[in-house]
Amino acid sequence: MRIAPGDAELLKLAEAFAPPVILISKLREKSLRLSAGDSGVKVLLYEGGEALRFDEQAIDAGVKGCLR
């Protein structure tokens, strides 16, 4: 999971989601996370599995995290 730096509420939400890893990473120009943040919207970015494949474990972890 990726979250923006310096936001205690995002960290709390990420910990509740309970991903295996939480990365605090700076926002990139022209990214959805930056645009959302500029609009006052907090973003948790869950990354699971690999491109062009359905990973049942990653999907399950994502659904459970959202429900938490």
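Which residue forms a salt bridge with E9? Let's start there. It's K42, and the closest N and O atoms of K42 and E9 are 3.7 Å apart. Before I go on, keep in mind that this is a predicted model.

So, where are these two? K42 sits in the loop between α2 and α3, while E9 belongs to helix α1, and 33 residues separate them along the chain. E9 is partly exposed, because its relative accessible area is 46%, and that falls between the 20% limit for buried and the 50% limit for exposed.

K42 has another partner, too. It forms a salt bridge with D7, and here the closest N and O atoms are 2.6 Å apart. D7 is in the loop between β1 and α1, so this pair also links distant parts of the chain, 35 residues apart. If you look at the C-alpha atoms of K42 and D7 instead, they are separated by 9.1 Å. How exposed are these two? K42 is partly exposed at 39% relative accessibility, and D7 is partly exposed as well, with 22%. Put the two bridges together and D7, E9 and K42 make one network, through salt bridges that share partners.

How many salt bridges does the structure hold? The count is 5. One more that I'd like to show you joins the side chains of E47 and R2, at 2.8 Å from N to O. E47 is in the loop between α2 and α3, R2 is in strand β1, and they are 45 residues apart. E47 is partly exposed at 46%, and R2 is partly exposed at 26%.

Okay, on to the rings. The structure holds 1 aromatic pair. It's made of F17 and Y46, with ring centres 5.3 Å apart, and the pair counts as tilted because the planes meet at 40°. This pair links distant parts of the chain again: F17 is in helix α1, Y46 is in the loop between α2 and α3, and they are 29 residues apart. Is F17 buried or exposed? Buried, because its relative accessible area is 8%. Y46, on the other hand, is partly exposed at 29%.

F17 brings us to helix α1, which covers residues 8–17. Along with F17, the residues L10 and A14 are buried in α1. They span an arc of only 55° around the axis, so they sit on the same side of α1. Now turn the helix around: the face away from the buried side carries the exposed residues A8, K12 and E15.

Next stop, S31. You'll find S31 in the loop between β2 and α2. With a relative accessible area of 18%, S31 counts as buried. What does its side chain reach at 2.8 Å? That would be the backbone oxygen of R28. A polar atom of the S31 side chain also lies 3.1 Å from the backbone nitrogen of L34.

Last, take a look at the surface. F54, I59, V63 and L67 form a nonpolar patch there, and together they have about 480 Å² of accessible area. One of them, I59, is in helix α3, residues 56–67. I59 is partly exposed, because its relative accessibility is 38%.

If you take one picture away from this, make it K42: in the loop between α2 and α3, joined with D7 and E9 in one network of salt bridges.

Methods
Residues are numbered from 1 along each chain as its sequence is written. This is a predicted model: local features need pLDDT of at least 70, side-chain atom pairs count only at pLDDT 80 or more; totals for chains, interfaces and linings use all residues. Side-chain values use heavy atoms; hydrogens and water are left out. Patches are made of residues with over 30% relative accessible area and no salt bridge: like charges are joined within 9 Å, nonpolar side chains (Val, Leu, Ile, Met, Phe, Trp, Tyr) within 5 Å. Accessible areas come from the Shrake-Rupley method with a 1.4 Å probe; for residues, only the protein chains shown count as cover. A salt bridge is a side-chain nitrogen of Lys or Arg within 4 Å of a carboxyl oxygen of Asp or Glu. Helices (H or I, at least four residues) and strands (E, at least two) are DSSP runs, numbered from the N terminus. Buried means under 20% relative accessible area, exposed over 50%, partly exposed in between (1.4 Å probe, protein chains only). Rings of Phe, Tyr and Trp (its six-membered ring) pair if their centres lie within 6.5 Å; planes under 30 degrees apart count as stacked, over 60 as edge-to-face and the rest as tilted. A polar contact is a pair of N or O atoms within 3.5 Å; within protein, one must be able to donate a hydrogen and the other to accept it, and residues adjacent in sequence count only if both atoms are side-chain atoms. The arc is that of the directions from the helix axis to the C-beta atoms.
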